[in-house]
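Okay, thanks everyone. I'd like to walk you through a structure that's new to most of us, so have a look at it while I talk.

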Amino acid sequence: MTQSNGFVREIQLPQIHDPRGDLTFVEGGIQIPFQIARVYYLYNVPVDSERGGHAHRELEQIVFALSGSFRMKIDDGTTKSEYWLRDPRKGLYISKLVWREMDAFSQGTVCMVLASHRYNEADYFRNYDDFLSALGNETK
Ligand code: T46
């Protein structure tokens, strides 16, 4: 079976600009290419923290910096890239089978993630070689 590796893309959310402040919304089934099963957020993150360091078997997610900024390093097993998240209107969609690492957090960063499945530790590849092996099996 031939199956492409994972991929990422930017998701732009609407912004309602108002003298009282800005408002951005997410509606299931419209801006998000999956049913949202879980929302979680990272906060009180030390600036020298390194998070991620894993890939997922099935999980799809969209990651936002609601406040502050951080770097998302992406590796699909073939190509490495990096994205800076710093705009609460712009999310990064991450498909399954993408290795991700996060660092360079600014003070006070709040990172919100919309996820396609509930938390399941069995969905994680936390070992890079296991991730690469799984990619090899997918493309056979
Ligand atoms: C990802 C990045 C962006 C739960 O119990 N429920 C949850 O929904 C999550 C996400 C985590 N946990 C537990 C599992 C660990 O014992 O919280 C602990 C820390 O999780 P982890 O080390 O996976 O956190 P990050 O920030 O490295 O990764 C998380 C997500 O796990 C991951 O899917 O893409 O945020």
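Let's start with strand 3, residues 51–56, which pairs with strand 8, residues 99–103, in the antiparallel sense over three bridges. If you want a spot to put your finger on, find His-54: standing opposite it in strand 8 is Arg-100. Before I go on, a word of caution: this is a predicted model.

Strand 3 has another partner, too. It's joined by two bridges to strand 10, residues 124–125, and that pair also runs antiparallel. So who faces whom there? Ala-55 has Phe-125 in strand 10 as its bridge partner.

Now hop over to strand 5, residues 70–75, and strand 6, residues 80–85. These two pair over six bridges, antiparallel, and here you can spot Met-72 opposite Tyr-83 in strand 6. They make a hairpin, with four residues between the strands. Look for Gly-77 in that turn: its phi is positive, about 95°.

Put those pieces together and what do you get? Five strands in an open sheet, in the order 6-5-8-3-10, with antiparallel pairing. Strand 6 and strand 10 are at the edges with a single partner strand each, so one side of each has no neighbour in the sheet. As a general reminder, strands of a sheet pair through backbone hydrogen bonds, either parallel or antiparallel.

Right, on to the ligand. Where is it? It sits in the largest pocket. The elements that give two or more residues to the shell around it are strand 2, residues 38–42, plus strand 3 and strand 8. Strand 3 gives the largest share, four residues.

How many residues surround the ligand altogether? There are 13, and the closest are Arg-38, Arg-51, His-56, Arg-100 and Tyr-124. Yes, that's the Arg-100 we met earlier, opposite His-54. Sorted by class, the shell has five nonpolar, four polar and four charged residues.

Let's zoom in on some of those contacts. The side chain of Arg-38 has an N or O atom 2.5 Å from an oxygen atom of the ligand. For Arg-51, an N or O atom of the side chain is 2.6 Å from a ligand oxygen. And Tyr-124 puts a polar side-chain atom 2.5 Å from an oxygen of the ligand. As for how covered the ligand is, on its own it has 650 Å² of accessible area, and the protein covers 69% of that.

That's my tour; happy to rotate the view if anyone wants another look.

Key
Residues are numbered from 1 along each chain as its sequence is written. This is a predicted model: local features need pLDDT of at least 70, side-chain atom pairs count only at pLDDT 80 or more; totals for chains, interfaces and linings use all residues. Side-chain values use heavy atoms; hydrogens and water are left out. Two strands pair if DSSP finds at least two bridges between them. A residue is near a molecule or strand if one of its heavy atoms lies within 4 Å of it. A polar contact is a pair of N or O atoms within 3.5 Å; within protein, one must be able to donate a hydrogen and the other to accept it, and residues adjacent in sequence count only if both atoms are side-chain atoms. Accessible areas come from the Shrake-Rupley method with a 1.4 Å probe; for residues, only the protein chains shown count as cover. On a 1 Å grid over the protein atoms alone, a cavity is a set of points where a 1.4 Å probe fits but cannot get out, and a pocket is an open set with protein on both sides within 12 Å along at least five of seven lines; lining residues have an atom within 4 Å of a point. A molecule sits in a cavity or pocket if more than half of its atoms lie within 2 Å of its grid points. Ala, Val, Leu, Ile, Met, Phe, Trp, Tyr, Cys and Pro count as nonpolar, Asp, Glu, Lys and Arg as charged, and the others, Gly among them, as polar.
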